[in-house]
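User: I would like to learn how to read a two-chain model feature by feature, beginning with the general idea and then turning to the case at hand.

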Amino acid sequence: MQIFFEQLINGLTIGSFYALIALGYSMVYGVLKLINFAHGDFFTLGSYLGYTVLVFGSAFLTLHFGLWGGLIVAMMVAAVSLAVVGIIVERLAYRPVYPAGRLPAVVSALGASIFLQNLIMVIWGPRFQAYPTAVIPNIHMQLGGIHFTMLQVLILVMSFFLMGGLYYIVQKTTFGAAIRATALDRDTTALMGININKVILFVFTLGPALGAITGIMVGMYYRQISFTMGWNYGLKAFTASVLGGIGNIPGAMVGGLILGVLEMFGAAYISAAWKDVFVFLILILVLIFRPTGLLGEKQADKV
Amino acid sequence: MDTIGPSKTHTIFGLNKTTLVLIFGAVCVFPFVASNYIIDVAFFFGIYALLGLSLNIVLGEVGLFDLGHAGFYAIGAYTTAILNTRYGIPILVLLPISAVAAGLFAYLVCSPIIHLQGDYLLIVTLGMGEIVRIALINNPFDLTGGPNGVYGIDFPSLGGPFVIDSSIEYYFLIWIVVGLSIWGLIRLQNSRIGRAWNYIREDEIAAKASGIDVKFYKLLAFILGAALAGVAGNLYASKLMCVSPESFTFWESCLMFCIVLIGGMGSIPGVIIGAAFISLFPEVFRPFAMYRMLVFGMAMILMMMYRPGGAWPRKRGAVSFKSLLGGAESRDV
């Protein structure tokens, strides 16, 4: 039972990474029906920017804001920068391609992904970078025989607040209603007087910003980052968003958490080497029986 | 009377006879004037052309999103590698066997998922490709050699004294296979099967309503596409003499996807151009060193901005008035 709960905590930690990245995929997909392959690289870029702020600004930040303040400043810098990068990429790489249909946009997204990945390699170098670990004290905790670290608690609490905030915006505010309406039917929504460009701008600001914050959390959790890591996390997060029902925002959160927990249980109880096979098999099984994901609504064929 | 009767001018891809002869001549003469390095580059261009053609059947002709095509390619390569190194079966004998193995694999894994639509099919094929790759790394039944892969694969031969062992011979082998595939695919495009495929791509519900067995034709596309990818895997394995899981990543599937879309969906000459772009671009831009992939990414975006239908989009088939009178069909491919 002790292993079960520890793996559950590990799984939820990783799952919240997947969920936060998956939100970016899902929001963009909902509004534009575009699989934004560059999203994984937004996440990596955010991680590297946070790294630079933490390493080069460490003395200044700790002096003026304290340990925790420094971390928050790093996250804010990364989030704001990535929001800007997200808008730039949308304007330069995606907007000119929209009229051509969905598939050219996929190639354009892959091109943007290659570009960003190599940009990161050119700037920071191809080697692994060790994340500054001094920011968060490495405190181990114990509760009823279950071991976990303070970092995990921090990550879980933060992800909870970020996801809760997004959930609130999307489900409870008027602007959120506009986003959901756009996801349902873009043309009709535009006819109802909603500015679709604002909605697109919103998803391309918030998605990358969430990705950047996740990037910093991943860096602190694993203590090293590499320029190719966006590809792996992107793949898993995209899987998570499909598992939950792509385009559906609560679905992305649920899908991410389930994927993380499944991965950790697969590693603990089945085999660490086969854990990804286990995850993909579950995904395929879910899609065979629920072809639009766990929370996705069944859509009637349009003739 | 010349005006009535089937049109006599035979054109392929809208190119006339002279151009076709010139292209054929250039392909034949090229290896005798180029260095071994360039011939090898041309060999890998051929591999990508074959892979592009194979994905084109699934993605271009039927419009099924398949992002796990590297899985079929891997099955072909590993079938060749394992049967050749364990039982010494000659490579060229294994060529059809690899195709059958990859096709059979496609039949088994695609049957249960063939009803999925669009992006859900995409993620499932992606997962399938990843499962194949991870399975190869984990060395099931001690067959695949784990992360190191299988090495010591023979040169291609039929078991007799004739062995293909130089760059030029490899070059001719791959381009003969590509040529034969193109010939077969043109025949397929103009057949009942090709028309059914295009019908499904344009409007699946209408196709179903007209009595086309959509599941059968989709599955057929997957099987044929996988078989052709298996052939590419066979030649790739014998050229490199070793296969390892890192050659069959998700990235490879993405490249094939890009080949088809950069060239033009369903367009055979387009796919060749797409393959040239993907395989030759990094070679040509080698002087840029670490910046070359940066340029590559930008080039992909620019291609899609200025030629969203692909470099050589497929023309819609049309029946001319002249040929209608003659009762025969002339289709422009």
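Analyst: What follows takes up confidence, overall form, the contact between the chains, and then some local features. Please keep in mind throughout that this is a predicted model.

User: Then how should I read confidence, and where in chain A is it lowest and highest?

Analyst: A mean over the chain comes before its extremes. Chain A averages a pLDDT of 86, and 96% of its residues score at least 70. Within chain A the lowest confidence falls in β2(A), where the mean is 78, while the highest belongs to helix α8 (residues 196–222) of chain A, at 91.

User: How do I judge the overall form of each chain, and what is the radius of gyration of chain A?

Analyst: One compares the radius of gyration with the value that a rule gives for the chain's length. Chain A has a secondary structure of eleven helices and four strands. Its radius of gyration is 19 Å, close to the 19 Å that the globule rule gives for 303 residues, so chain A is as compact as a globular protein of that length. Taken along the principal axes, the C-alpha atoms of chain A fill a box of roughly 60 × 45 × 35 Å. Of the 303 residues of chain A, 50% count as buried, and among its contacts with a separation of 6 or more, 76% join residues 24 or more positions apart.

User: What secondary structure does chain B have, and what is its radius of gyration?

Analyst: Chain B comes to 13 helices and two strands. Its radius of gyration is 20 Å, close to the 20 Å given by the globule rule for 333 residues, so chain B, too, is as compact as a globular protein of its length. The C-alpha trace of chain B spans about 65 × 50 × 45 Å along its principal axes. Buried residues make up 46% of the 333 residues in chain B, and residues 24 or more positions apart account for 78% of its contacts with a separation of 6 or more.

User: How is an interface described, and which elements of chain A touch chain B?

Analyst: The size of an interface is often given as the accessible area lost when the parts come together. Here the description rests on residues: the contact takes 35 residues from chain A and 31 residues from chain B. On the side of chain A that touches chain B, the elements that give two or more residues are α4 (102–124), α9 (229–244) and α11 (275–289) of chain A. The largest share of that side, 13 residues, comes from α4(A). By residue class, the side of chain A that touches chain B divides into 28 nonpolar, five polar and two charged residues.

User: Taking α9(A) as an example of a helix, how many of its residues are buried?

Analyst: An α-helix has 3.6 residues a turn, so residues three or four places apart point the same way. In α9(A), 14 of the 16 residues are buried, so this helix is largely enclosed by the rest of the structure. From its first C-alpha to its last, α9(A) reaches 23 Å, close to the 22 Å expected at 1.5 Å a residue. Gly245(A), which follows α9(A), has a positive phi near 110°.

User: Where else is phi positive, and what sense of pairing do β2(A) and β3(A) show?

Analyst: Strand β2 (residues 140–143) of chain A pairs with strand β3 (residues 146–149) of chain A in the antiparallel sense, over four bridges. In β3(A), His147(A) is the bridge partner of Gln142(A). The two strands form a hairpin with two residues between them, and Gly144(A) in the turn has a positive phi of about 60°.

Residues other than glycine may also be examined. Lys33(A), in the loop between α1 (2–32) and α2 (39–56) of chain A, has a positive phi near 55°; Lys33(A) counts as partly exposed, with 16 C-beta neighbours inside 10 Å. Met241(B) is not a glycine, yet has a positive phi of about 65°, and its place is in the loop between α9 (214–240) and β2 (242–243) of chain B. With 13 other C-beta atoms within 10 Å, Met241(B) is partly exposed.

User: Finally, which residues does Ile87(A) touch, not counting residues up to four places away in sequence?

Analyst: Ile87(A), found in helix α3 (residues 58–94) of chain A, touches Leu201(A), Phe204(A) and Thr205(A) on that count. The C-alpha atoms of Ile87(A) and Thr205(A) are separated by 6.4 Å, although these residues are 118 residues apart along the chain. Ile87(A) is partly exposed, with 15 other C-beta atoms within 10 Å.

Terms used
Residues numbered from 1 in each chain as written. Chains lettered and ligands numbered in written order. Predicted model: local features only at pLDDT ≥ 70, side-chain atom pairs only at ≥ 80, totals over all residues. Contact = placed C-beta atoms within 7 Å. Nonpolar A, V, L, I, M, F, W, Y, C, P; charged D, E, K, R; others polar. Pairing = 2+ DSSP bridges. Rg over C-alpha atoms; globule rule 2.2 N^0.38 Å. Buried ≥ 20, exposed ≤ 12 C-beta atoms within 10 Å, placed from the backbone. Expected span 1.5 Å × (residues − 1). pLDDT = per-residue confidence, 0-100.
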